[in-house]
Amino acid sequence: MITERAKRIRPFQVMEILERAREMERKGRDIIHMEIGEPDFPSPPSVKEAAIKAIEKDYTFYTPTLGLPLLREAISRYYEREYGLKVPAERVVITEGSSGAFLLLSLTLLERGRVLGITDPGYPCYRNFGHLAEAGLITIPLSEEDGYEIDPVAFEERGVPDLFIIANPSNPTGKVYRKEGLERIYRAIEGKGLLVVDEVYSGLVYDGGFDTALSIADDIIVVNGFSKTFAMTGWRLGWMVIPEGLIPPVQRMAQNIFISPPTISQHAALKALEAKRDLEEMRRTFKERRDFLLERLEGMGFTITCKPEGAFYIYAGIKRWKMDSRVFAERALEEAGVAITPGYDFGSYRASEYVRFSYTQGMERLREGCKRLESWLKRL
Ligand SMILES: Cc1ncc(COP(=O)(O)O)c(C=O)c1O
């Protein structure tokens, strides 16, 4: 009875690594987790207090499908405050994590005969959203030698997708795309397909600031969320800004699939948008870790020619050790007690040559992880 659709969805490699790591931990082994893609910080105190208050006030009912009007307005003001942009609250849709936004977008805009475009390497779930909607897929291979830039010529060669999703900052490369680069991609697909920019890491940029794609054109769809920038993964709350014409179909889809986004989380999120001091502190800490880890990994011989400027990942080249990334990650876990993610989780293009490090651990643990890796690599 299981559908082909369900059968074709693969688990992440990282889940196998995580399971093996947990098993080793149960047997008493200490493992440094550099595979996990979520902030190690708890949510800001004001967010937690707001959630408790919301429960005490019995805010436990459904909200409107597109979200609490107060939160949609607060997000509209957030764009004005952060980027000086006027984004009407009507175009802001609150979703169940940014993942909820991707589900709504793919079911509203993709179907059999249409094509989803993604980057390789890229965030692994995108392709599955396209797959659920029975759309075709084109992948645009990205090389670190080209700074992970997307050359619009690729669309001439492979065709323009109906929907092209790109993460900025990127998971797994930490690449931050600047406005000019995004504009080039937008122009290349304008009139033929829609550009979706996933800005879920937009608050975690360490060098040179950030340009939201909303500053380019009103028909670019921007997805964002509270998970990463606001350290709220478990609250399952995100949002997207969509062109006016998409509001009615998205609303109908959301009504039927979700009814409403989580109410308590929405009340809490109102405070998250104001927690600038906590968030800045978190960003500073991540930057410190990035600087440390980058230097250490380069010192050990990993190649990282395109500096990761955002998110909390370093996509590091391992070619010099002449080992497949899957084997490399397995051996790093078994022999050094360090869990990392093999490149295969992010696509197939040169996936054997890269592993992803997450710096979602405190400095002590990162230092220890590097020490272990270094002595393991010397023994190879
Ligand atoms: C690029 C990117 N987009 C979206 C998500 C999903 O985030 P959420 O559904 O928690 O908002 C992730 C999670 O790792 C991610 O890395």
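1. Let me start away from the ligand, at Lys322, which is placed in the loop between β9 (313-317) and α12 (325-336). Lys322 is not a glycine, yet its phi is positive, at about 50°. Please keep in mind here and below that this is a predicted model.

2. Two prolines deserve a look while you are checking the backbone. The peptide bond that runs from Asn168 to Pro169 is cis, and its omega is near -5°. You will find Pro169 in the loop between β5 (163-167) and α8 (179-189). Asn171 and Pro172 are likewise joined by a cis peptide bond, here with omega at about 20°. Pro172 also has its place in the loop between β5 and α8.

3. Asn171 leads us on to the ligand, as this residue is among those around it. The full set to select in your viewer is Gly97, Ser98, Ser99, Tyr123, Tyr126, Asn171, Asp198, Val200, Tyr201, Ser227, Lys228 and Arg236. Sorted by character, this shell has 5 polar, 4 nonpolar and 3 charged residues.

4. Which helix gives the largest share of the shell around the ligand? That is helix α5, spanning residues 97-109, with 3 residues in the shell.

5. Now for the polar contacts, which are worth displaying one by one. In Ser98 the backbone takes part: one of its N or O atoms is 2.7 Å from a ligand oxygen. Ser99 uses its side chain instead, with a polar atom 2.5 Å from an oxygen atom of the ligand. Arg236 also brings a polar side-chain atom to a ligand oxygen, at 2.8 Å.

6. How much of the ligand does the protein bury? The ligand exposes 400 Å² when taken alone, and the protein buries 92% of that area. As for its location, the ligand sits in the largest pocket.

7. Finally, a word on charge pairs. The structure holds 32 salt bridges. One of them links Arg22 with Glu25, where the closest N and O atoms are 3.3 Å apart. Both residues belong to helix α2 (residues 13-26). Arg22 and Glu25 are 3 residues apart along this helix, or about one turn.

8. If you have time for just a short look, here are some places to visit. Begin with Ser98, Ser99 and Arg236, which are among the residues around the ligand. Then go to the cis bond between Asn171 and Pro172, and end at Lys322 with its positive phi.

Conventions: Residues numbered from 1 in each chain as written. Predicted model: local features only at pLDDT ≥ 70, side-chain atom pairs only at ≥ 80, totals over all residues. Heavy atoms only, no water. Near = heavy atom within 4 Å. Polar contact = N/O pair within 3.5 Å; in protein donor to acceptor, adjacent residues only side chain to side chain. Areas by Shrake-Rupley, 256 points an atom, 1.4 Å probe, with all protein chains shown as cover. 1 Å grid on protein atoms, 1.4 Å probe; cavity = no way out; pocket = protein on both sides within 12 Å on 5 of 7 lines; lining within 4 Å. Sits in = over half its atoms within 2 Å of the grid points. Helix = DSSP H or I, 4+ residues; strand = E, 2+ residues; numbered from the N terminus. Nonpolar A, V, L, I, M, F, W, Y, C, P; charged D, E, K, R; others polar. Salt bridge = Lys/Arg side-chain N within 4 Å of Asp/Glu carboxyl O.
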